[in-house]
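I set out to look up how one helix departs from a straight course and how the aromatic rings are arranged. My entries follow.

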Amino acid sequence: SVIIKPQFGVMNLITNSMSQVVSGTQSIMFLMIFVSWAVIQSNFTPNSLSVTLVSSVAMPFMTLGNNTLSTAAVAAVIGVAASMSLSTAPVSSPNSVAATSGWWQGDIALKLGSIVSILSVPIIIFLGYPIARLVIK
């Protein structure tokens with residue numbers, strides 16, 4: 001909650017930094033940047049923080065440049081991407097339970113979770129976004 005409160009200026013700092021990266025990018029690059037960010041962050045922070053931060057930064061950029069993306073569909077795929085916390089145990093309750101039960105080893109989970117997270121980015125972009133755009137009007 002501190003991150004998104006205007007009086008702390010964290011969102012302004014992140015938005016200003018990202019504006020140099022995002023301004024003038026094509027729609028596919030826009031999706032690639034924010035979906036990748038959400039997937040990576042969700043492996044190290046709680047999913048709710050990931051989706052809040054990434055969507056709060058992405059939404060103002062939806063009106064810039066030659067953007068033809070659907071705002072609702074982008075929000076949906078950011079939400080999906082932010083749920084890909086598969087690499088580290090403490091970031092989600094099911095992962096924490098599985099890690100403490102002895103059913104998996106941390107190094108194997110990190111390797112396999114990282115592979116699945118990396119593979120999920122193009123799937124979310126090229127399959128998830130078009131489906132979200134068709135379903136969400």
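I looked first at α6, which bends by about 40° at Ile-124; the bend is the angle between axes fitted to the seven residues ending there and the seven starting there. Helices are DSSP runs of H or I with at least four residues, numbered from the N terminus.

I note that the model is predicted, that local features need pLDDT of at least 70 and side-chain atom pairs pLDDT 80 or more, while totals for chains, interfaces and linings use all residues. Residues are numbered from 1 along each chain as its sequence is written, and side-chain values use heavy atoms, without hydrogens and water.

I then checked the span of α6 (residues 106–135): its end C-alpha atoms are only 37 Å apart, short of the 44 Å that a straight helix of 30 residues would reach (1.5 Å times one less than the number of residues).

I listed the buried residues of α6 (under 20% relative accessible area, 1.4 Å probe, protein chains only); among them are Gly-113, Ser-117, Ile-124 and Tyr-129. The buried residues of α6 pack against α2 (27–42) and α4 (71–81), with contact meaning heavy atoms within 4.5 Å.

I turned next to the aromatic pairs (ring centres of Phe, Tyr or Trp, its six-membered ring, within 6.5 Å; planes under 30 degrees apart are stacked, over 60 edge-to-face, the rest tilted), and the count is 3. Phe-30 and Phe-34 form a tilted pair, 4.8 Å centre to centre with 50° between the planes. These two residues are 4 apart in α2, about one helical turn. Phe-34 is buried at 1% relative accessible area. The Phe-34 and Trp-37 ring centres lie 5.9 Å apart with planes at 35°, so this pair is tilted.

I recorded lastly that Phe-30, Phe-34, Trp-37 and Phe-61 form one aromatic cluster.

Key: Buried < 20%, exposed > 50% of the residue type's maximum accessible area, 1.4 Å probe, protein only.
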